[in-house]
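Got your viewer open? Set the display to cartoon, keep the selection box handy, and follow along.

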Amino acid sequence: MSTTSTYTVTGMTCGHCAASVREEISEIAGVTGVDVTVESGAVRVVSDREIPRAEIEKAVTEAGYALA
């Protein structure tokens, strides 16, 4: 069973920003897909387990951005 969660990331302005966020979140165990929309800051995470918000927030912070 897969789980889909949507977050808003602040500070992204370009494709490189999106790639950094995507890469960090993709490294979380259980994540099977990450879709980032720079314009709205929306980040959709598909996973095979429930991922705690703190784990997503840590990955986004490591990429240099913040969750709204």
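## Starting in the sheet

Select Gly33 and Val46 together: Val46, in strand 3, is the bridge partner of Gly33. Bear in mind as you click around that this is a predicted model.

Now widen the selection to strand 2 and strand 3, the latter covering residues 42–47. These two run antiparallel to one another, and 6 bridges join them. Strands of a sheet pair through backbone hydrogen bonds, either parallel or antiparallel.

Next, bring in the rest of the sheet. It is an open one, built from 4 strands in the order 2-3-1-4, with antiparallel pairing. Color strand 2 (31–37) and strand 4 (66–67): they are the edges, and each has a single partner strand, so one side of each has no neighbour in the sheet.

Then show helix 1, residues 15–26, which packs on the sheet. Helix 1 touches strand 1 (3–10), strand 2 and strand 3, and its direction makes about 160° with that of strand 2.

Stay around strand 1 and pick Thr3, which sits in that strand. Is Thr3 buried or exposed? Its relative accessibility is 15%, so Thr3 counts as buried, the cut-off being under 20%. Turn on side chains for Val45, Val46, Ser47, Arg49 and Glu50: leaving aside residues up to four places away in sequence, these are what Thr3 touches. You've already met Val46 as the partner of Gly33.

Last stop: Cys14, in the loop between strand 1 and helix 1. Cys14 is partly exposed, at 33% relative accessible area. Draw a C-alpha to C-alpha distance from Cys14 to Arg53 and you'll span 24 Å, with 39 residues separating the pair in sequence.

Key:
Residues numbered from 1 in each chain as written. Predicted model: local features only at pLDDT ≥ 70, side-chain atom pairs only at ≥ 80, totals over all residues. Heavy atoms only, no water. Pairing = 2+ DSSP bridges. Contact = heavy atoms within 4.5 Å. Axes fitted to C-alpha atoms, helices over the stretch in contact; angles between N-to-C directions. Buried < 20%, exposed > 50% of the residue type's maximum accessible area, 1.4 Å probe, protein only.
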